[in-house]
Structures are given as structure tokens and as C-alpha cells.
Amino acid sequence: MLVGADHEAVRRRRSTALHGNMAITTWIWTTIGLLALCHSSVAYTKFPEGFTFGVATAAHQIEGAWNVSGKSENVWDRLSHSRPEMIIDGTNGDVACESYYRYQEDVEELEYLGVDFYRFSLSWARILPTGRIDQINPDGIRYYNDLLNALAEKNIEPLVTLFHWDLPQTLQDLGGWANPKMIDYFRDYSDVCFREFGDRIKSWITFNEPYEICEDAYGDDKKAPAIDSHGVGNYLCSDNLLKSHAESYHLYNEKYRPTQNGRIMISINSIWYEPSDPSNEEQVALAEVANQFKFGWFAHPIFTAEGGYPAVMVENVARQSAAEGLNKPRLEQFDEYWIQRIKGTSDFLGINHYTTHLITGAGLDPLAKSPSWLKDIGAVTTMEVGGDSASEWLRVVPTGFANLLRWCKSSYNDPPIYITENGFSDRGTLLDYGRISYFDAYLSEILNVIYDDGVKVLGYTAWTLMDNFEWRAGFSERFGFYHVNITDPARPRTAKLSAEYYKQLIANRELPQDARFKDPAVRK
Ligand code: GBH
């Protein structure tokens, strides 16, 4: 089960062991202090009992088979076919990793890695070709049944995302997430999924990364359907998405939980913001505002006692809207009914985390459109921080992860947390030392916050099983444990060194210390 770790007990055991004898304790701490001075850090390596490990994928990124067996067109099919120049290398998800045909291979790889669970998403357009429930596609249902049964045979628990960005085009034609009718459509779709698959799925995620859906796809053109209604469409989307999430949660809670007895949550992405100069009070304050706009936009309504959008968001957007001459703010607080209806609708806090960016001061970010979410924040951001990856936005800043997790503990009343994505991109090398060192450093920060701060992190999901269709980056940025050769028609998959690293980590529940996982270029 994903559920069940008792970290408090682990921590207590640990501190009793460490603090049992004063004299020894003093000696230990002095030694640790000296070691820390010499080595810069003394690292925890062992994960607490009950901590679980998995890997994640998403339907449109791996399945292929885009127009067969009754599947209809989704917004990513439409974007990549009608505007191929929007995808960096002109690729699309037509074939991807062929998981629609090769799911058994996927399961073999999962078994090889030894994961406790597999996070994947359901393709709405494959299950409901019209987007509505007037037609249920038997081949779509069969495909996910086959996958679920194959996982069950190997004792790999499914963690299933209902929506990972691939909206049926039929629903986009009606306005997509800007249309309040989506609340009904999403509830109906959820209902079909809970009913058909819920006997085997005990852990659900409603939405993957609401920020990316609303800001990147409606408030910008970074994701399909690339509406770019900056400062307007993004907020229409968040109203409808949060309500859809809540309705799906309540449906599960009332209709399915009593018999299926599972858990349901939302996965929120954070680019974590930190002040460029931690001693600069203005930057510190602005970083908090930016984190409220980014993470708080979707977390505050669900995970705080008061509920609703963060006050600073409502205030900033109201001020900007008035200055624009509008008679109503572009974002308004939910009414009391919806504040209550949305509050508390997630059994865990699902966090996707990759990176940290910096705040350098107040004002208009050079990249901000007008009006826009970024302009509403009123801060200037920069990505000039940490080590690099193949993705411009992905900077390697492990300490930012720890700061985010501590902030979540204090901002959201110490919620149980699952890391539902974390990963690193390169260009596809098999000896992927950069990926290994990224995982090592980020996982080590998880151990720090579990043991030093008591943050309840219960499980970890690496992004991703195999190189796949990386949205607008096509196949140019690779995140997988398995390399996929897309120029060979057979699309062969090959385990990278990071697969061996993750396999060993899971087998021992401990960060591998093996020299073979260290880059010879930096190995001493
Ligand atoms: C995750 O999003 C997704 O859930 C997953 O599907 C994806 O494969 C994975 O990341 C790796 O990218 O500056 O225009 O290039 C992570 C959050 C935030 C990543 C925005 C890409 C870049 C926008 N994403 N982002 S841009």
C-alpha cells in the first residue's frame, strides 16, 4: 500500500538512539560537527520503513496509437498535427513509446526496477471519444484493464491520474477548461473510471499540475491548446478546474470509497521561488507572494483551514484589474459554498517538483505579458541558479526542494505528502551520471526533511520510466530510466545507468554508495 508509513515513530526511535547517553551524544555531535566541516555535510542514506518508490508516465507521452481502436483526437494531437512548428523537433505523440501495444514490456521494466507502484494516466479521448459519456469505447476500457491486470500479477500498485493534459478536442471546441460545463464532464468521466477500474485502483490523482494546465495552456501558448488568453483564460480555468477536482473527490468519497476504499489526491507542481539575496527583505516577501501565486493558487483552496484562493492573489489581481479599467477583477474569490466544497478535498498532498527559480526584485518581469499571471505577481524572476540540465527551465537546486517541503509542512498544517514527480533531463546518454547525481541530491533532501524537520513524505515517484514525448520539447529532452531510440522503427528501449541506480536504491531502501554510480570525471 501507498498508505501506512509511521515516520513519527521512526524519528523517535532515531532520536532516542542518538540522545540516549549524554557523554556519547556530545562526542557524536562533536565528531559529526567536525566531519560536517570537513565534508560539508553528513548525509542520511536510509529511507524510513513503509516509504514507497515508484515511477511515473502519462498517456499521451507514451501510448501512441493516437487514432486507432476508437480513440478520438485530443488537444495535443491537434496542436502537434496542425502546428508542427510548435514542437521543437517536429515530433508528435502518434507513435511515442507504443505503450498501447507494448504495455507488457512497460510492466517488465517496472518489475526489473522493482518499483512498489506505477503512476500512469488514463486517456480521456481513448475511453470517451466524444468526451461525454454517451459513448464508452470498449477498446479503451479493455486496454486499461489489461494493463491493470498485468500490474496486479506483478504486485505493482497502480497510482492513476485521471487528467494529464490530453483533453478530448471535442471538449476543447466548447472552450475546454474555460467552460464551467467542464465540471459536469469531468465528474462524468471520473465516474466511468471509478466504476470500471476502481476495484483495482486504490490511489487516484485527479489532475496533474493544474498550474501548467491553466497558466501554460490557457494563459499562455506553452502547452496545448495554446489559447494564450493571458491574465484571463488562466483564471477562468482555475475556477473550473478546482471545482471539477472537488466534484470528482466528493463523487469518489460518497459513491465509491465505501466499497473501493481507496485514496484520492491532486498533484501540484511547484517551481519553487527563493530570494536571490536571502538578506534582502523585499525579495524574501516577494518570493512568498510568488509561491502563493504558483503553488498556493491550487494548494490554498484545498489544503488550508480557511480555504479559497490566497488573499495576496485576490488582492493583487483586483488592484491590477482596477488599473486596467475593468469593473470586475479577472480573478475573484470563490463564494462561501465553493470555498467549503473545495476545502479538504485531497487525502494527500501530491507534489511534482523539479526546480527552483529566483526572485530578484519588485516590478515587471521582462517576460511578462500584459495583463498576465506574472504581471499580477509583480516580481522579477530569473533562472540563473544551480546546475543545468537539457531543459532551460530545469535548474539543479536540491536545497530548494527541502525548503519547499518545509514550507508545505508549515503552510498546510503538516499534510501527508507524496512526491508524484521528480526528475532530470539530458540528451539521452546511457551513462547518465547527471541524472543519478540529481536523484541522489534530491532524495537526500527528502531524507533531511523527514528526519530533521518531521515532514511527512510517504513516497517518491521518479519521472520517468522511459524517454517519451516531452510535449513541446518533443524528444529533444530525455527524462527516462530507459533510453528509447526513436529513429529505429522498432523503437528499442535500453536501460540507462540510472535504472541500475534506482533498482539498487529500491532493493536496499537506501541511497546507493557504489562507486560505479559516480561520474568518473568527478570521481576522486
Ligand atoms: C512535468 O511538468 C509533467 O508533468 C510531465 O508530463 C513532464 O514530462 C515533466 O514535467 C518533464 O518536463 O519554459 O516554456 O519550456 C513539469 C513542469 C513546467 C515543465 C513548465 C516544463 C517549461 C515551460 N513543467 N515547463 S517552458
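What follows is a chat about two helix pairs and two buried residues in a predicted model.

User: Hi! Let's begin with Glu 421. What does UniProt say about Glu 421?
Analyst: Happy to help. The UniProt record, an unreviewed entry, annotates Glu 421 as "active site".

User: Which element does Glu 421 sit in?
Analyst: Glu 421 lies in strand 8, which covers residues 417-421.

User: Is Glu 421 buried or exposed?
Analyst: Glu 421 has a relative accessibility of 4%, so it counts as buried, the cut-off being under 20%.

User: And which residues is Glu 421 in contact with, leaving aside neighbours within four places in sequence?
Analyst: Its contacts are Ala 56, Arg 119, His 164, Asn 208, Glu 209, Ile 351, Asn 352, His 353, Tyr 354, Thr 461 and Trp 463.

User: Great. Now the helices: at what angle do helix 10 and helix 11 pack?
Analyst: Helix 10 (residues 210-218) packs against helix 11 (residues 233-260) at about 150°, and their axes are 8 Å apart. The two are therefore roughly antiparallel, since angles over 145 degrees fall in that class.

User: Which residues of helix 10 and helix 11 meet there?
Analyst: From helix 10 there are Pro 210, Ile 213, Cys 214, Glu 215 and Tyr 218, and they meet Gly 233, Asn 234, Cys 237, Ser 238 and Leu 241 of helix 11. By class, the contact of helix 10 with helix 11 has six nonpolar residues, three polar and one charged.

User: How about helix 5 and helix 7, at what angle do they cross?
Analyst: Helix 5 (residues 99-113) and helix 7 (residues 138-153) cross at roughly 15°, with axes that come within 10 Å. That makes helix 5 roughly parallel to helix 7.

User: Which residues make that contact between helix 5 and helix 7?
Analyst: Helix 5 supplies Ser 99, Tyr 100, Tyr 103, Val 107 and Leu 110, while helix 7 supplies Asp 139, Arg 142, Tyr 143, Asp 146, Leu 147, Ala 150 and Leu 151. The contact of helix 5 with helix 7 divides into eight nonpolar, one polar and three charged residues.

User: Which hand does the crossing of helix 5 and helix 7 have?
Analyst: The crossing of helix 5 and helix 7 is right-handed. Helix 10 also passes helix 11 in a right-handed crossing.

User: Last one: where is Asp 376, and is it buried or exposed?
Analyst: Asp 376 is in helix 15, residues 373-377. With a relative accessible area of 2%, Asp 376 is buried. Setting aside neighbours within four places in sequence, Asp 376 is in contact with Tyr 235, Phe 293, Asn 316, Val 317, Gln 320 and Arg 330.

Terms used. Residues numbered from 1 in each chain as written. Predicted model: local features only at pLDDT ≥ 70, side-chain atom pairs only at ≥ 80, totals over all residues. Heavy atoms only, no water. Axes fitted to C-alpha atoms, helices over the stretch in contact; angles between N-to-C directions. Helix = DSSP H or I, 4+ residues; strand = E, 2+ residues; numbered from the N terminus. Parallel < 35°, antiparallel > 145°, perpendicular 65-115°, else oblique. Left-handed = near helix turned anticlockwise from the far one by under 90°. Contact = heavy atoms within 4.5 Å. Nonpolar A, V, L, I, M, F, W, Y, C, P; charged D, E, K, R; others polar. UniProt positions renumbered as here; feature names shortened; annotations may be inferred. Buried < 20%, exposed > 50% of the residue type's maximum accessible area, 1.4 Å probe, protein only.
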